Amino acid sequence: MTTPRRAVIVDDERLARKRLRDLLKAHPGVTVVGEADSVEAAVPLIAEHRPDVVFLDVEMPPRNGFDLLPLLPEAPHTPDVVFVTAYENFALRAFEVSALDYLLKPIHTERLAMSVQRLLSSTRQDESAEDAAEETWTMESRVTLSDRRIKSMVEISGIVAIQALGAYSRVSVAGQPPMIILRSISEWERRLPSSGFLRADRSLIIQPRLLRKMKLVSRDETEISLEGMQGILVIGRVATARLKKHVRNMG
């Protein structure tokens, strides 16, 4: 029997937390292990319970749900995030920061069921990867990637960058158009050889030996160019610091 996924609800409205908790009781695959009414209260709660998913409100004055993201545990203990809000205009930003899903209030049971299914499917894939240690790839491995109806055989050494798109990922392979793959960035991180790839932040994995250029644009943004990939990637402060450290260690 599959172990239920542990969930924390973060919302400053007590009735909203109760509503979501009651709705989740219909899903035996998810167990609510804690609730918080603010970003400040959520940080120690999440550190204590190590949930698999956080159902996160956006508007929680004086802060908002996005403020919690950099305070979440680092991989491999980073929980999935499902934003829950009354404001549709936050949807794009939510997926840009690799949210698993985005639910609008009032929450409809059918839509919540889809979100839970996405969570359970994503997690089952991760478990399979953990259990199948023999399937951890090397730089010489060849894997089949399916982008809609197109299947491509790809060498791991040819992967330049992987960007998170919720439960999906955008994979850039040298000399090929980017592919959209149903595989979470966490699973990629588990299976890729750590000696060849760097998880720069929550939403980006790159092959650092292919780094060709770093350009500091501002205090919070850096543009990077990678061999075999057209265009540039813009990374934030955390990713910039990790990449600089990695480059220094590479000598």
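Let's start with Pro 62, which sits in the loop between strand S4 (59–60) and strand S5 (63–64). The peptide bond joining Pro 61 to Pro 62 is cis, with omega at about 10 degrees. Keep in mind that this is a predicted model. The protein has 251 residues, and 45% of them count as buried. Its secondary structure adds up to six helices and 17 strands.

**Backbone details**
- There's a cis peptide bond from Lys 105 to Pro 106 too, with omega near -5 degrees.
- You'll find Pro 106 in the loop between strand S7 (101–104) and H4.
- Arg 50 isn't a glycine, yet its phi is positive, near 45 degrees.
- Arg 50 belongs to the loop between H2 and S3, and it is partly exposed because its relative accessibility is 43%, between the 20% and 50% cut-offs.

**Inside the protein**
- The largest nonpolar core has 20 residues, and the ones touching the most other members are Val 10, Ile 46, Leu 56, Leu 68, Leu 69 and Phe 83.
- Strand S1 (5–10), helix H2 (39–49), strand S3 (53–57) and strand S6 (80–85) are the elements that each give two or more residues to this core.
- H2 provides the largest share, with four residues.
- Take a look at Leu 68: leaving out residues up to four places away in sequence, Leu 68 touches Val 10, Val 39, Ala 42, Val 43, Ile 46 and Leu 56.
- Apart from the largest core lies another one, made of 18 residues, including Met 139, Ile 181, Phe 197 and Ile 205.
- As for contacts between residues at least 6 apart in sequence, 53% join residues at least 24 apart.

**Aromatic pairs**
- The structure holds two aromatic pairs.
- One of them is Trp 137 with Trp 188, a tilted pair with 5.6 Å from centre to centre and 55 degrees between the planes.
- This pair links distant parts of the chain, 51 residues apart: Trp 137 is in the loop between helix H4 (109–131) and strand S8 (142–147), while Trp 188 is in helix H5 (residues 185–191).
- Both Trp 137 and Trp 188 are buried.

**On the surface**
- The protein exposes about 13,500 Å², and carbon and sulfur atoms supply 52% of that.
- Leu 165, Tyr 168 and Leu 182 make up a nonpolar surface patch, with about 270 Å² of accessible area together.
- Leu 165 is part of strand S10 (residues 159–165), and it counts as partly exposed because its relative accessible area is 37%, between 20% and 50%.

**Salt bridges**
- Side chains with opposite charges can pair up when their charged atoms come close.
- This structure has 15 salt bridges.
- Asp 22 pairs with Lys 25, and their closest N and O atoms are 3.5 Å apart.
- Lys 25 is exposed, at 63% relative accessible area, whereas Asp 22 is partly exposed, at 31%.
- Glu 155 and Arg 142 form another bridge, with the closest N and O atoms 3.2 Å apart.
- That bridge links distant parts of the chain, from Glu 155 in strand S9 (residues 150–155) to Arg 142 in strand S8, 13 residues apart.
- In the bridge between Arg 237 and Asp 220, the closest N and O atoms are 2.5 Å apart.
- Here Arg 237 is in helix H6 (residues 237–250), and Asp 220 is in the loop between strand S15 (211–216) and strand S16 (222–226), 17 residues apart.
- Asp 11, Asp 57 and Lys 105 are joined into one network by salt bridges that share partners.

Methods:
Residues numbered from 1 in each chain as written. Predicted model: local features only at pLDDT ≥ 70, side-chain atom pairs only at ≥ 80, totals over all residues. Heavy atoms only, no water. Buried < 20%, exposed > 50% of the residue type's maximum accessible area, 1.4 Å probe, protein only. Contact = heavy atoms within 4.5 Å. Areas by Shrake-Rupley, 256 points an atom, 1.4 Å probe, with all protein chains shown as cover. Core = buried A, V, L, I, M, F, W, Y, C linked by side-chain atoms within 4.5 Å. Patch = residues over 30% accessible without salt bridge, like charges linked within 9 Å, V, L, I, M, F, W, Y side chains within 5 Å. Salt bridge = Lys/Arg side-chain N within 4 Å of Asp/Glu carboxyl O. Phe/Tyr/Trp six-rings, centres within 6.5 Å; stacked < 30°, edge-to-face > 60°.
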